[in-house]
Number of protein chains: 2
Amino acid sequence: MIVGFIGLGIMGRPMAKNLISAGYKLVVYDKFAKIDDLVTLGAEKGTSNKDVASRSDVIITMLPNSPHVKEAILGSGGVIEGVKSGAIVVDMSSIAPAASQEVGAALKAKGVNFLDAPVSGGEPKAIDGSLAIMVGGDQKTFDTVKPILEKMGSSVVLVGDVGAGNVTKLANQIVVALNIAAVSEAFTLATKAGVKPQAVFDAIKGGLAGSTVMNAKIPMILDGNFKPGFRIELHIKDLQNALDTAHNLGVPIPLTAEVMETLQGLKNDGFAANDHSAIVRHYEKLAKVEVRK
Amino acid sequence: MIVGFIGLGIMGRPMAKNLISAGYKLVVYDKFAKIDDLVTLGAEKGTSNKDVASRSDVIITMLPNSPHVKEAILGSGGVIEGVKSGAIVVDMSSIAPAASQEVGAALKAKGVNFLDAPVSGGEPKAIDGSLAIMVGGDQKTFDTVKPILEKMGSSVVLVGDVGAGNVTKLANQIVVALNIAAVSEAFTLATKAGVKPQAVFDAIKGGLAGSTVMNAKIPMILDGNFKPGFRIELHIKDLQNALDTAHNLGVPIPLTAEVMETLQGLKNDGFAANDHSAIVRHYEKLAKVEVRK
């Protein structure tokens, strides 16, 4: 089985390396990134999205957002022009669910099965192959590519039809953004009230207020360490997709909308490349206090 | 050592019982609740707040909110009129930090030490003695009463000076309210988008979006079970104290303010006695969908 891999950035590159390490034969292509290191490891060099598709049984894409995925798969010289009938395309990018459905429908008309399979966990988990992968599509296609996905992720879950993977990813990103905002409001208030944030953390982390966000981000905030992790500019992208999706469906998500405005302000203040835990900077600025050790 | 216990409602009664079980000699009083069961267990009956104070070395209060605590301790016939110099007063109610500081200062002027020691965990953990207790006050007073508090809680943490216990409790309640709102927005969107909420839960609970709130409340929501737990009307009280405290300190907490408005709407809709997981009902109503199995 030949696996095509398109999009070899911060996430795609280590994911592709894990497939090579697992013994898969890869054909790789990226419009911008150098791929020499992957060729050295044994991957074949593709010359275009179409070329990769024509040489592969399963084609994986890992790109920034909906327009890039639509261009790479449906555009001129795209996957759809080269893909073999019966092949499977798996888009692992985090994009709008409606874009997943559009791509899936166009491929289906060509006899090609499609899964949307966005991931959670960031670069460290891409490197060690322990991503959480949320998959939308049919059971048979899922079963066929599951062994491949399991080389990149420790949790591979079929959550529904095409698009459901990205809906689940958006739900994940809403919860993460709001949970960061929650600890930001709470710890800014406590700090301004004169209570040491480390003491608050120790007192409440074991109870109903406890969360993975609190455990992961409060130590970073207390150290003033906003090195990503997951960049604010990427969370802006995800929340834009969440808001678009919600509005198309008529679902008001007002707190998400407010966090989006907070992120816009942080971007203007020069924090776009900070970890999303820098949401706390917004509250610190408003309250004239820093949540530090 | 004689322990006075004032306020024997849903929380105070099982807490007092745990002290009796542990061998403490109690004098108990409640303005409204019957206390015959506690007398049967061996407690002595106090006739007023003042009377309890005059007969006790440590006086614990467990009352609904700031005005009740100020009335019971500082009011006519209150603790302050009977308390012995050198005694210790421990208020375990969840009240405004400023009220804790006012009570503490008044008692200090009489040579009486004071701790604010609000709890988290609700009735079940009050019954089994596993509350989280967040304590504000000085180290020596804390050390003296810690053995008593450990009969009611499994986590007893000194977080700072008088008032810090309630600041920490407010931080806890902000995070809990916002984390419930976070899963409510996310799961309402996913459900309206046609993805099964159970699948979303399974896919994201192990990642960065995971939280104690998600694990505790999503199963309740999926079952349509809004039996408290912790009632919306009590969370309204806590968020009012959080907003008052924040505004006094000049700390904007806009997401907390918005959840407060959501809770007001839910109260108007007749859900004041629902568990706070019923925050999801607000989003369900807006989106015309139910997040159920």
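In this predicted model, A:Asn18 sits in helix 1 of chain A, which covers residues 12–21. With a relative accessible area of 16%, A:Asn18 is buried, because anything under 20% falls in that class. Setting aside neighbours within four places in sequence, A:Asn18 is in contact with A:Ala126, A:Ile127, A:Asp128, A:Gly129 and A:Lys151. One of these partners, A:Ala126, also meets the side chain of A:Asn18 through a polar pairing: the backbone oxygen of A:Ala126 lies 2.9 Å from a polar atom of that side chain. The chain comes back to this spot from far along the sequence, too. A:Asn18 and A:Met152 are 134 residues apart in sequence, yet their C-alpha atoms are 6.4 Å apart in space.

That pairing fits into a wider picture of chain A. Among the contacts in chain A with a separation of 6 or more, 65% are between residues 24 or more positions apart. Chain A is built from 14 helices and nine strands. Its radius of gyration is 20 Å, close to the 19 Å that the globule rule gives for 293 residues, so chain A is as compact as a globular protein of that length. Along the principal axes, the C-alpha atoms of chain A fill a box of roughly 65 × 45 × 35 Å. Of the 293 residues of chain A, 58% count as buried. What chain A does expose comes to about 10800 Å², and carbon and sulfur atoms supply 52% of that area.

Next comes the relation between the two chains. Chain A can be laid on chain B with an RMSD of 0.1 Å, using a turn of 180° and a shift of 0.0 Å along the axis. The two copies are therefore related as by a two-fold rotation axis. In chain A, the C-alpha nearest that axis belongs to A:Ser211, at 1.9 Å from it. Both copies use the same surface, as 100% of the contact residues of chain A recur in chain B.

On the nonpolar side, the largest nonpolar core holds 104 residues. Those touching the most other members are A:Phe187, A:Met214, A:Val259, B:Phe187, B:Met214 and B:Val259. In soluble globular proteins, nonpolar side chains tend to be buried together. For a look at one of these core residues, take B:Phe187: not counting residues up to four places away in sequence, B:Phe187 touches B:Pro197, B:Val200, B:Phe201, B:Ile204, B:Met214, B:Ile218 and B:Val291. B:Val291 turns up again among the contacts of B:Glu284. B:Glu284 lies in helix 14 of chain B and, at 5% relative accessibility, counts as buried. With residues up to four places away left out, B:Glu284 touches B:Thr188, B:Ile221, B:Val289, B:Glu290, B:Val291 and B:Arg292.

Another buried polar residue is found in a loop. A:Ser94 lies between strand 5 (88–91) and helix 6 (97–108) of chain A, and its relative accessibility of 11% makes it count as buried. The side chain of A:Ser94 makes a polar contact of 2.6 Å with the side chain of A:Lys169. Beyond its neighbours within four places in sequence, A:Ser94 is in contact with A:Pro64, A:Asn65, A:Pro118, A:Val119, A:Asn166, A:Lys169, A:Lys237, A:Asp238 and A:Asn241.

The backbone has a few quirks of its own. Most residues other than glycine have a negative phi, and most peptide bonds are trans. The peptide bond from A:Pro228 to A:Gly229, however, is cis, with omega near 15°. In chain B, the bond from B:Pro228 to B:Gly229 is cis as well, with omega near 5°. A:Gly229 lies in the loop between helix 11 (212–222) and helix 12 (232–249) of chain A, while B:Gly229 lies in the loop between helix 11 and helix 12 of chain B.

A positive phi crops up near the end of helix 14. A:Lys288 has a phi of about 55° although it is not a glycine, and is found in the segment after helix 14 (279–287) of chain A. A:Lys288 is exposed, with a relative accessible area of 67%. Over in chain B, B:Lys288 also has a positive phi of about 55° and sits in the segment after helix 14 of that chain. B:Lys288 is exposed too, at a relative accessible area of 68%.

Note on methods: Residues are numbered from 1 along each chain as its sequence is written. Chains are lettered from A and ligands numbered from 1 in the order in which they are written. This is a predicted model: local features need pLDDT of at least 70, side-chain atom pairs count only at pLDDT 80 or more; totals for chains, interfaces and linings use all residues. Side-chain values use heavy atoms; hydrogens and water are left out. A nonpolar core is a set of buried Ala, Val, Leu, Ile, Met, Phe, Trp, Tyr and Cys residues joined through side-chain atoms within 4.5 Å. Buried means under 20% relative accessible area, exposed over 50%, partly exposed in between (1.4 Å probe, protein chains only). Contact means heavy atoms within 4.5 Å. Helices (H or I, at least four residues) and strands (E, at least two) are DSSP runs, numbered from the N terminus. A polar contact is a pair of N or O atoms within 3.5 Å; within protein, one must be able to donate a hydrogen and the other to accept it, and residues adjacent in sequence count only if both atoms are side-chain atoms. Copies are superposed by least squares on the C-alpha atoms of residues with pLDDT of at least 70 in both. The radius of gyration is taken over C-alpha atoms; the globule rule is 2.2 Å times the number of residues to the power 0.38. Accessible areas come from the Shrake-Rupley method with a 1.4 Å probe; for residues, only the protein chains shown count as cover.
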